[in-house]
Amino acid sequence: MSIFTKIINREIPSDIIYEQENIIVIKDINPQAKTHLLIIPKKKIETINDLDNNDKELIADMFFVAKKVTKMLWISEWYKLWFNVWKKWWQEVMHIHMHLLSNL
Ligand code: AMP
(Lines give C-alpha, C1' and ligand atoms only; values in the text may rest on other atoms or scores of the structure.)
Protein backbone atom coordinates (compact mmCIF):
# COMPACT_ATOMS: atom_id res chain seq x y z
CA MET A 1 0.00 0.00 0.00
CA SER A 2 1.40 3.42 -0.89
CA ILE A 3 1.80 6.17 1.67
CA PHE A 4 -0.77 8.15 -0.31
CA THR A 5 -3.31 5.33 -0.03
CA LYS A 6 -2.79 5.47 3.73
CA ILE A 7 -3.38 9.23 3.66
CA ILE A 8 -6.52 8.77 1.55
CA ASN A 9 -7.77 6.13 4.01
CA ARG A 10 -6.94 8.42 6.97
CA GLU A 11 -4.54 5.84 8.34
CA ILE A 12 -1.84 8.50 8.61
CA PRO A 13 -2.39 12.22 9.12
CA SER A 14 -1.90 14.87 6.46
CA ASP A 15 -2.86 18.43 5.78
CA ILE A 16 -5.82 18.06 3.41
CA ILE A 17 -6.57 21.17 1.36
CA TYR A 18 -9.35 19.80 -0.83
CA GLU A 19 -11.11 16.51 -1.52
CA GLN A 20 -13.61 15.22 -4.02
CA GLU A 21 -14.86 11.76 -4.93
CA ASN A 22 -11.82 10.74 -6.99
CA ILE A 23 -9.02 13.10 -5.89
CA ILE A 24 -7.41 14.44 -2.75
CA VAL A 25 -5.12 17.47 -2.42
CA ILE A 26 -2.63 17.66 0.45
CA LYS A 27 0.28 19.85 1.49
CA ASP A 28 3.65 18.34 0.67
CA ILE A 29 5.44 17.37 3.87
CA ASN A 30 8.73 18.72 2.52
CA PRO A 31 7.74 21.87 0.60
CA GLN A 32 9.97 23.10 -2.21
CA ALA A 33 8.13 26.44 -2.46
CA LYS A 34 5.91 28.63 -0.29
CA THR A 35 2.93 26.64 -1.55
CA HIS A 36 3.61 23.02 -2.44
CA LEU A 37 0.60 20.78 -2.86
CA LEU A 38 0.13 17.27 -4.18
CA ILE A 39 -2.92 16.44 -6.29
CA ILE A 40 -3.46 12.73 -5.82
CA PRO A 41 -5.99 10.44 -7.50
CA LYS A 42 -7.63 8.09 -5.03
CA LYS A 43 -7.19 5.26 -7.51
CA LYS A 44 -3.69 3.86 -7.14
CA ILE A 45 -1.84 4.06 -10.43
CA GLU A 46 1.90 3.66 -9.97
CA THR A 47 3.31 5.92 -12.69
CA ILE A 48 2.16 7.89 -15.71
CA ASN A 49 3.35 4.94 -17.78
CA ASP A 50 0.69 2.77 -16.14
CA LEU A 51 -2.24 4.91 -17.29
CA ASP A 52 -4.83 3.35 -19.54
CA ASN A 53 -7.70 4.75 -21.59
CA ASN A 54 -10.11 4.43 -18.67
CA ASP A 55 -8.04 6.97 -16.75
CA LYS A 56 -8.56 9.84 -19.21
CA GLU A 57 -11.28 11.52 -17.21
CA LEU A 58 -9.38 11.15 -13.96
CA ILE A 59 -6.29 12.80 -15.41
CA ALA A 60 -8.37 15.64 -16.82
CA ASP A 61 -9.97 16.04 -13.38
CA MET A 62 -6.52 16.46 -11.82
CA PHE A 63 -5.98 19.56 -13.96
CA PHE A 64 -9.42 20.93 -13.16
CA VAL A 65 -8.70 20.40 -9.47
CA ALA A 66 -5.46 22.36 -9.91
CA LYS A 67 -7.47 25.17 -11.44
CA LYS A 68 -10.03 25.07 -8.62
CA VAL A 69 -7.51 24.90 -5.78
CA THR A 70 -5.32 27.70 -7.14
CA LYS A 71 -8.40 29.90 -7.36
CA MET A 72 -9.35 28.94 -3.80
CA LEU A 73 -5.89 29.94 -2.57
CA TRP A 74 -5.63 33.09 -4.70
CA ILE A 75 -2.56 31.84 -6.56
CA SER A 76 -4.22 31.21 -9.90
CA GLU A 77 -1.96 33.64 -11.77
CA TRP A 78 1.31 32.16 -10.63
CA TYR A 79 1.95 28.45 -10.24
CA LYS A 80 3.51 25.47 -11.90
CA LEU A 81 2.58 21.83 -12.17
CA TRP A 82 4.88 18.90 -12.52
CA PHE A 83 4.93 15.12 -12.56
CA ASN A 84 7.96 13.02 -11.74
CA VAL A 85 8.26 9.79 -13.68
CA TRP A 86 11.33 7.75 -13.21
CA LYS A 87 10.88 4.59 -11.34
CA LYS A 88 13.05 4.24 -8.26
CA TRP A 89 14.80 7.55 -8.74
CA TRP A 90 12.94 10.81 -9.24
CA GLN A 91 9.59 9.42 -8.32
CA GLU A 92 9.71 8.64 -4.65
CA VAL A 93 6.09 7.59 -4.13
CA MET A 94 4.72 4.97 -6.54
CA HIS A 95 1.23 6.41 -6.71
CA ILE A 96 0.78 9.12 -9.31
CA HIS A 97 0.53 12.65 -8.05
CA MET A 98 0.81 16.08 -9.58
CA HIS A 99 2.98 18.62 -7.77
CA LEU A 100 1.57 22.15 -7.62
CA LEU A 101 4.03 24.87 -6.62
CA SER A 102 3.76 28.58 -6.15
CA ASN A 103 5.84 31.23 -4.47
CA LEU A 104 2.73 33.14 -3.56
P1 AMP B 1 7.83 12.36 -5.96
O2 AMP B 1 9.33 12.49 -5.90
O3 AMP B 1 7.26 13.03 -7.17
O4 AMP B 1 7.37 10.94 -5.79
O5 AMP B 1 7.30 13.21 -4.74
C6 AMP B 1 6.74 12.66 -3.61
C7 AMP B 1 6.43 13.82 -2.71
O8 AMP B 1 5.65 13.34 -1.63
C9 AMP B 1 7.67 14.49 -2.09
O10 AMP B 1 7.68 15.87 -2.46
C11 AMP B 1 7.49 14.27 -0.59
O12 AMP B 1 7.93 15.37 0.18
C13 AMP B 1 6.00 14.05 -0.48
N14 AMP B 1 5.58 13.24 0.65
C15 AMP B 1 6.07 12.05 1.05
N16 AMP B 1 5.41 11.59 2.12
C17 AMP B 1 4.46 12.52 2.42
C18 AMP B 1 3.47 12.62 3.41
N19 AMP B 1 3.30 11.68 4.34
N20 AMP B 1 2.68 13.71 3.41
C21 AMP B 1 2.84 14.68 2.48
N22 AMP B 1 3.76 14.63 1.50
C23 AMP B 1 4.57 13.58 1.47
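1. Let's start with a charged side chain: Arg10 comes out as partly exposed, its relative accessible area being 48%. Keep in mind as you read that this is a predicted model. The cut-off for exposed is over 50% and for buried under 20%, so a residue at 48% falls in the band called partly exposed.

2. What does Arg10 meet? Its side chain joins that of Glu19 in a salt bridge, with 2.6 Å from N to O. Glu19 is also partly exposed, at 33% relative accessibility. The story doesn't stop at that pair, but I'll come back to it in point 5.

3. Next, Lys43 and Asp55. These two form a salt bridge in which the closest N and O atoms are 2.5 Å apart. The pair links distant parts of the chain: Lys43 and Asp55 both sit in the loop between β3 and α2 (56-72), 12 residues apart. Are the two partners buried or exposed? Lys43 has 41% relative accessibility and so counts as partly exposed, whereas Asp55, at 3%, counts as buried. If you're setting up charges, that's the pair I'd look at on screen with the numbers beside it.

4. Lys44 has a salt bridge of its own, to Glu46, and here the closest N and O atoms are 3.5 Å apart. Both ends are partly exposed: Glu46 has 32% relative accessibility, and Lys44 has a relative accessible area of 41%.

5. Back to Arg10 and Glu19, as promised. Salt bridges with shared partners tie Arg10, Glu19 and Lys42 into one network. How many salt bridges turn up in a search of the whole structure? The count is five.

6. Now for the strand that comes before that loop. β3 covers residues 35-41, and seven of its seven residues are buried, so the strand is largely enclosed by the rest of the structure. Both of its faces are covered. On one side the buried residues are Thr35, Leu37, Ile39 and Pro41; on the other they are His36, Leu38 and Ile40.

7. Which strands pair with β3? One is β2 (residues 23-27), antiparallel to β3 over five bridges. Within that pairing, Ile26 has Leu38 of β3 as its bridge partner. Another is β5 (residues 98-102), which also runs antiparallel to β3 over five bridges. There, Leu37 stands opposite Leu100 of β5. Leu37 and Leu38 lie on opposite faces of β3, and both are buried.

Technical notes
Residues are numbered from 1 along each chain as its sequence is written. This is a predicted model: local features need pLDDT of at least 70, side-chain atom pairs count only at pLDDT 80 or more; totals for chains, interfaces and linings use all residues. Side-chain values use heavy atoms; hydrogens and water are left out. Buried means under 20% relative accessible area, exposed over 50%, partly exposed in between (1.4 Å probe, protein chains only). Helices (H or I, at least four residues) and strands (E, at least two) are DSSP runs, numbered from the N terminus. Two strands pair if DSSP finds at least two bridges between them. A salt bridge is a side-chain nitrogen of Lys or Arg within 4 Å of a carboxyl oxygen of Asp or Glu.
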